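Student: I'm new to this one and would like a close look at a single part. Could you start at one residue and work outwards from there?

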Amino acid sequence: MKTFKEILENRHAYAKDWKARTGGKVLGFYDTYFPEEVAYAAGLLPLRLLASHCEDALTDRLMYGNCYCTRDIFNQFMLGRYDYVDGLVSIESCQWWYNAFDTTLIEFPELWSHYLFTTDYVDARTSKDAVFSELKIFVKRLEEWIGKTVTDEALDNAIDVYNKNRALLRQLYQLRRFDRTAVLGSEVMEIMLANQVMDKAEANVMLESLLPELEARAPQEDGVRLMLIGSETYDAKLEKLVESLGANIVTDELDNGTAYILNDVIPMKNRLMAIGLRYLGKPHSALKDNVWRRRPEHIYQLYEDFQADGVIIAKQIYCHPHGSDMYAVWKLLRERNIPYHTFERDTTLPYEETKLGVEALISMIKPGMTRLHGWSK
Ligand code: SF4
């Protein structure tokens, strides 16, 4: 059986192989507010488009000012790496995701496409009705595309598969709540990323066999426990750098990390409403945490639950959702004497510079100047 790491590294081959095995279509999406269950029920492979770091000679001309991850995903389309993708869907999210969607469709008008509106104010009284109505339109468009009906049975199956997937991934995260955890942050990130490009029924089989192995590992020496927050990431290089310095990332508040797995679809007769409520109720992303602020307290709760000693905030350059939300996160961390280090990156990691900053953070924490001792006093 292939490992998650191998699937992540060969994700285009995985998707091509899935198409050959199933005869199904691949639907690329950008943001984790996309209700994957609906596409899965239609027999599609919902594929999270992931940035890498390709040589880039053209996005400056076509997408100047976008964050690098959106540019890189478009660049991969231009380089032919996503030539197996049959359709694209964009949801209401940050403007750079939308620009990537739009620019890709200008260059590849043959792709099936859909814009799925998701309210920016997810807690509004009318949000559930708006999302339900959008999901009905989405299902209708999918049915026209694939030429068959999306049945209640298929939706129930998709809900079960995705709920199981999230439960298994939560078990994976739980393993790092132990004081002397044997599971590394880099391993978890590779699993999380691979999982987002996989057929979840296949990912579930792999997770069910992997979890007992991880649980049986011998505990390691206690190290500095860090939490990672900020823009989404696309590899585990930062986690590996942290590990090389004697620390471990034990939890995160990332769109493609805990925010992807913490809540489930609660089954109800109206399947689309149940799915819509799950996405509205998931931990707020920086972009959608815009009226009743929940995100800072949510970050603090995760920090406490996983007994982290400090926080790394990694922001993608030109990421305005995280840039504008940062002040509220910094305020909370300062008020509660939580050591943190903020840095900017694009999809690559500025290695030496990042190492210096993370080293400084770890050496502040090491002499016992932890949150409990009030490091800033
Ligand atoms: S990194 Fe930030 S700006 Fe870029 S797509 Fe993600 S949320 Fe949008």
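How many C-beta neighbours inside 10 Å does Gln 307 have, and what does it count as?

Tutor: A quick word on what you're looking at. This is a predicted model, where local features need pLDDT of at least 70, side-chain atom pairs count only at pLDDT 80 or more, and totals for chains, interfaces and linings use all residues. Residues are numbered from 1 along each chain as its sequence is written.

Now to your residue. Gln 307 has 16 C-beta neighbours inside 10 Å, so it counts as partly exposed. The scale goes like this: 20 or more other C-beta atoms within 10 Å of a residue's own means buried, 12 or fewer means exposed, and partly exposed is in between, with the C-beta atoms placed from the backbone. Gln 307 sits in the loop between α14 and β7. Those labels come from DSSP runs, numbered from the N terminus: helices are H or I runs of at least four residues, strands are E runs of at least two. The backbone of Gln 307 is worth a glance too, since its phi is near 50°, a positive value in a residue other than glycine.

There's another residue like that. Asn 337 has a positive phi of about 55° although it is not a glycine. Asn 337 lies in the loop between α15 and β8, and it is partly exposed, with 15 other C-beta atoms within 10 Å.

Follow the chain from Gln 307 into β7, and the picture changes. Seven of the seven residues of β7 are buried, so this strand is largely enclosed by the rest of the structure. Both of its faces are covered: Gly 310, Ile 312, Ala 314 and Gln 316 are buried on one side, and Val 311, Ile 313 and Lys 315 are buried on the other.

What does β7 belong to? It is one of four strands in an open sheet, with the order β6-β5-β7-β8 and parallel pairing. The edges are β6 (247-253) and β8 (340-345), each with a single partner strand, so one side of each is left without a neighbour in the sheet. From one strand to the next, the twist averages 25°; angles here run from 0 to 180 degrees between N-to-C directions, with axes fitted to C-alpha atoms, for helices over the stretch in contact. In general, strands of a sheet pair through backbone hydrogen bonds, either parallel or antiparallel.

Let's look at the partners of β7. Strands count as paired if DSSP finds at least two bridges between them. Five bridges join β5 to β7, with Leu 226 opposite Gly 310. Towards β8, strand β7 (residues 310-316) pairs over six bridges. Val 311 has Tyr 340 of β8 as its bridge partner, and Ala 314 has Phe 343. Helix α14 (residues 295-305) packs on this sheet, touching β5 (224-230), β6 and β7, and its direction makes about 145° with that of β6. Touching means contact, which two residues have if their C-beta atoms, placed from the backbone, lie within 7 Å.

Stay with β7 a moment longer, and look at Gln 316. Gln 316 is among the closest of the 13 residues that surround the ligand, along with Cys 67, Cys 94, Ser 231 and Cys 319. The test for being near is a C-beta atom, placed from the backbone, within 6 Å of the molecule. Elements that give two or more residues to this shell are α5, α6 (95-107) and α15 (320-335), and α15 provides the largest share, three residues. The shell divides into seven nonpolar, five polar and one charged. Here Ala, Val, Leu, Ile, Met, Phe, Trp, Tyr, Cys and Pro count as nonpolar, Asp, Glu, Lys and Arg as charged, and the others, Gly among them, as polar.

Finally, the wider setting. The protein is divided into domain 1 (4-150) and domain 2 (155-365), bounds that come from an automatic or database domain assignment. The ligand shell draws at least three residues from each of them. Their C-alpha centres lie 22 Å apart, and the contact takes 44 residues from domain 1 and 45 residues from domain 2.
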